Amino acid sequence: MNLTPAQCRAARGLVNMTQQQLAEASGVSLRTITHFEKGGRTPIPAILRALKDALEAAGVIFIPSNGEGVGVRLRKDAELLGGTSRGGP
């Protein structure tokens with residue numbers, strides 16, 4: 001499953017993670033994340049995987065297209081993991 005810019009933004013919002021925090025958690029540069037989320041460029045698959053892995057570790061579940069489009073949701077135990085205690089949007 002590919003990660004879309006909208007999914008990345010929505011996933012960060014669910015766990016209250018800034019782009020800087022995602023950069024630190026994923027090892028991906030802030031500039032790459034900013035450009036990706038604006039739809040400016042699509043990173044290579046390894047970068048998309050690193051972003052997705054970091055967001056999943058924070059408690060996000062990525063939902064594949066089911067006829068209504070792709071989406072994201074918060075894992076049930078995410079609050080226990082601290083997924084919603086990060087600072088800033």
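**Helix α4 and its surroundings**

Hi everyone, let me start with a quick geometry check on helix α4, residues 45–57: at 1.5 Å a residue, its 13 residues should span 18 Å, and the end C-alpha atoms are indeed 18 Å apart, so the two agree. Please keep in mind that this is a predicted model.

Now, which residues of α4 are buried? They are L48, L51, K52, A54 and L55. Looking down the axis of α4, these buried residues fall within an arc of 160 degrees, so they line one face of the helix. On the other side of α4 you'll find P45, A46 and A57, which are exposed.

What do the buried residues of α4 pack against? Their partners are three helices, α1 (5–14), α2 (19–26) and α3 (30–37), together with the strand β1 (60–63). And if you follow the chain just past the end of α4, you come to G59, which takes a positive phi of about 120 degrees.

Let me pick out one of those partners, α2. The axes of α2 and α4 come within 9 Å and cross at roughly 105 degrees. An angle from 65 to 115 degrees counts as roughly perpendicular, and that is therefore how α2 and α4 lie to each other.

Which residues make this contact? From α2 we have L22, A25 and S26, and they meet A50, L51, A54 and L55 of α4. Sorted by class, the contact of α2 with α4 has 6 nonpolar residues, 1 polar residue and no charged ones. Notice that L51, A54 and L55 turn up here and also in the list of buried residues of α4.

Let's zoom out to the whole protein. There are 4 helices and 2 strands, and from the N terminus on the order is α-α-α-α-β-β. Of its 89 residues, 34% count as buried. For those of you who like contact maps: take the contacts with a separation of 6 or more, and 54% of them are between residues 24 or more positions apart.

One last stop, at A6, which sits in helix α1. Is A6 buried, exposed or partly exposed? Its relative accessibility is 41%, and because the partly exposed class runs between 20% and 50%, A6 counts as partly exposed. Along the chain, A6 and K38 are 32 residues apart, while 8.8 Å separates their C-alpha atoms.

That's my tour, thanks for listening!

Key:
Residues numbered from 1 in each chain as written. Predicted model: local features only at pLDDT ≥ 70, side-chain atom pairs only at ≥ 80, totals over all residues. Heavy atoms only, no water. Expected span 1.5 Å × (residues − 1). Buried < 20%, exposed > 50% of the residue type's maximum accessible area, 1.4 Å probe, protein only. Arc of directions from axis to C-beta. Contact = heavy atoms within 4.5 Å. Axes fitted to C-alpha atoms, helices over the stretch in contact; angles between N-to-C directions. Parallel < 35°, antiparallel > 145°, perpendicular 65-115°, else oblique. Nonpolar A, V, L, I, M, F, W, Y, C, P; charged D, E, K, R; others polar.
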